[in-house]
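Please keep the sequence and the model side by side while reading, and turn the model as each part is taken up. The paragraphs below go through it part by part.

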Amino acid sequence: MCGIIGYAGVEKAVPLLLDGLESLEYRGYDSAGLALFTPAAELLTLRAAGPLTALRKKAWDSGKLEGGVGIGHTRWATHGEPSEANAHPHRSAGGKYTVVHNGIIENYETLRRELEEEGLAFSSQTDTEVIAQLLERVDTGDPLETLRLALPRLEGSYALGILYEREPDCIYCARKQSPLLAAVTESGTLLASDAAALLPYTRTVFRFEDGEMACLRKNGLRFFDSDGNDLDKTPAELARHVTAADKSGYAHFMRKEIDEQPVTVRRTLEPLLPHGAVELGAAEELLAREEIRHVLFLGCGSAYHVGAVGRLLVEELAGIPAAVDLASEFRGQAALVDPRTLVVIISQSGETADTLQALRLAKEKGARTLSVVNVEGSSIAIESDSVIYTKAGLEVAVATTKAYSTQLAVVYALAARLSECRSGNEPRDFLHALAALPDLMEEVLRASEAPALAWAEEIYTAEHAFFIGRNLDYAAAMEASLKLKEISYIHAEAYAAGELKHGTISLIERGTPVISLCCRPEVVARTKGSMEEVAARGAKLFCVTTDASFRPERRILLPKCHPLLVASLAALPMQLFAYHCAQLRGCAIDKPRNLAKSVTVE
């Protein structure tokens, strides 16, 4: 949530900052701003509410584009409405410190009252302005020493980019529980909250750890620990499959990312199935310890839906009791975790705040922790006992598609490996089908485009839609419902088909769209019965199925596949359906209202 960019170098900073913010806009787009030291050492601040185009226009209209040191920010509102006054950067009352910030300062109200009692006036509703005011309040004339005094007073999370009025050649920065990266290039140094902003310039980055600070100048980069001592940092290489944001001719990133799924799933599976058998790399040692008695999947949003699939697979393939919980609700379930529990943490960014806190609590309980993430070197990856990386590459659209599919691929491989650990026998039929999954996904994408569009043309004006399914189909229905609601703004809910008659069938009116996922052979007959129940009450029925003999009026037929892999195939037409509904409704598909890509606040 929110994006930070900074540059100190010999090039003009403003074009670089604006381009960097554009690559980060998927992380926040309520408002944006930048601060720049001009050649005369004047500190210029520009802010604008709304999309980045408003800030870009304001910057060009100002004519003040000279200067090689600056910071920028694109915001997803947490404290205060989206407005120019609440946009970053925020400057202290006396003008000494200018700050951009990602994260949440939990005790900002206490600090604000304290500062106001000392006579300081605030111009925004944000927690970030408190940081700028606090820095000026404790200023010693040495920004590094000032940071050492101020940062311990901030409770919560932060990634900070800071300009100090008296040092127009430097950007100061610090991190606690919110991602931050720096890089050195031929023209200067760069700061960013996400690799996407650095990829056009370098693949070699320095990752901030909690408590670390740095100073960026055009001729170099210095890191410091929390006591102000110099640190010798080792750079990291960004993964080769990570690419910069490019639509490649598509109208939207989401549509491009839907089509990329067969490639990214194949890329994810290749190192996990090198010779037809599962090899989980460093995670093998984690699974080889004393017997695992319980598996718990934790995630938020689509990652939770992946966990719902994982729970069913682990129980069916490996015979190990399993559960899935929302990471944000895990505190209430933590007492059930012990050293014989394998906790599988699922997160695209590896920085999801609720999931990160759940991971830490699981570790406190002695559980062994395995993360499934897409970003190398992310907080969840580092803090887990072991990690399996998905190979989705950069996913720009807020609504996940390829990250979801690659997470499913990892969970399939994990369930198969747990089965072998428990019984000593590989589920060979399942693994053979898993290796062929990317080819089936290509087939489904080709065949589903036209019917998904036809369904969307019939449904897109509806106010409500319902998804039903059983077992794995219900897990897939939850994800399908989320996709539709988050990008088209159609109210959508998913229900276990057998639960309809226990209350929710009262919501069905004549013409209500009901989309049935009827793909797992073992439950098809019972799901058909639920479809008949809603049809009898006037519902407009749509069905995704693998049963060629079942011929409802509106059908998308999927190819036969292993019954435990149906969630991956069912996701594809539902993604296309949601995409076309949103397109027909004129929605901001890549940047749905009120949402952000990486949810780094609890």
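What follows is a walk through a predicted model, taking up a sheet and its helices, the cysteines, a strand with its partners, a pair of helices and some backbone details.

A good place to begin is the open sheet, in which 7 strands are arranged in the order S5-S6-S7-S8-S12-S13-S14 with antiparallel pairing. The edges are taken by strand S5 (90-91) and strand S14 (230-231), and because each of these has a single partner strand, one side of each is left without a neighbour in the sheet. Within the sheet, strand S8 (residues 171-176) and strand S12 (residues 213-217) run antiparallel and are joined by 4 bridges, and in this pairing Ile-171 stands opposite Leu-216 of S12.

Helix H4 lies across S5, strand S6 (97-102) and strand S7 (158-164), and its direction makes an angle of about 145 degrees with S6. Helix H4 (128-137) is also among the elements that cover the buried residues of helix H3. In H3, which spans residues 108-117, the buried residues are Tyr-108, Leu-111, Arg-112 and Leu-115. Viewed down the axis of H3, these buried residues fall within an arc of 100 degrees, so they line one face of the helix. The spacing fits a general rule: an α-helix has 3.6 residues a turn, so residues three or four places apart point the same way. After H3 comes Gly-119, with a positive phi near 100 degrees.

The cysteines come next. Which of them form a disulfide? Cys-170 and Cys-215 do, with their sulfur atoms 2.4 Å apart, and the count for the model comes to 1 disulfide. This pair links distant parts of the chain, since Cys-170 is in the loop between S7 and S8 while Cys-215 is in strand S12, 45 residues apart. Cys-170 and Cys-215 are both buried. Cys-2, by contrast, takes part in no disulfide, and the nearest cysteine sulfur, which belongs to Cys-173, is 17 Å away. Is Cys-2 buried or exposed? With a relative accessible area of 9%, Cys-2 falls under the 20% limit and is therefore buried. Cys-519 is likewise in no disulfide, the nearest cysteine sulfur being that of Cys-518 at 7.0 Å; Cys-519 has 0% relative accessibility and counts as buried.

Cys-518 leads to strand S23 (residues 513-518), in which 6 of the 6 residues are buried, so the strand is largely enclosed by the rest of the structure. Pro-513, Ile-515 and Leu-517 point one way from S23, whereas Val-514, Ser-516 and Cys-518 point the other way, and all are buried. In general, the side chains of a regular strand alternate between the two faces of the sheet. S23 runs parallel to strand S21 (residues 464-469), to which it is joined by 3 bridges, and Phe-466 has Val-514 of S23 as its bridge partner. S23 also runs parallel to strand S24 (residues 540-545), here with 6 bridges, and Leu-517 stands opposite Val-544 of S24.

Beyond S21, the loop between S21 and H15 holds Asn-471, which is not a glycine and yet has a positive phi of about 60 degrees. At 31% relative accessibility, Asn-471 counts as partly exposed.

Helix H15 (residues 472-488) packs with helix H9 (residues 302-318) at an angle of about 175 degrees, the axes being 9 Å apart, which makes H9 roughly antiparallel to H15. The residues that meet include Tyr-304, His-305, Ala-308 and Leu-312 from H9, and Leu-472, Ala-475, Met-478 and Glu-479 from H15. Ser-302, in helix H9, counts as buried at 7% relative accessibility. Its C-alpha atom and that of Glu-479 are separated by 6.2 Å, although the two residues are 177 residues apart along the chain. Leaving aside its neighbours within four places in sequence, Ser-302 is in contact with Thr-400, Tyr-404, Glu-479, Leu-482 and Lys-483.

Two further backbone details remain to be located. The peptide bond from His-88 to Pro-89 is cis, with omega near 0 degrees, and Pro-89 is found in the loop between strand S4 (69-75) and S5. Ala-41, in the loop between strand S2 (31-37) and strand S3 (43-49), has a positive phi of about 70 degrees although it is not a glycine, and at 39% relative accessibility Ala-41 counts as partly exposed.

Technical notes. Residues numbered from 1 in each chain as written. Predicted model: local features only at pLDDT ≥ 70, side-chain atom pairs only at ≥ 80, totals over all residues. Heavy atoms only, no water. Buried < 20%, exposed > 50% of the residue type's maximum accessible area, 1.4 Å probe, protein only. Helix = DSSP H or I, 4+ residues; strand = E, 2+ residues; numbered from the N terminus. Arc of directions from axis to C-beta. Contact = heavy atoms within 4.5 Å. Pairing = 2+ DSSP bridges. Axes fitted to C-alpha atoms, helices over the stretch in contact; angles between N-to-C directions. Disulfide = S-S within 2.5 Å. Parallel < 35°, antiparallel > 145°, perpendicular 65-115°, else oblique.
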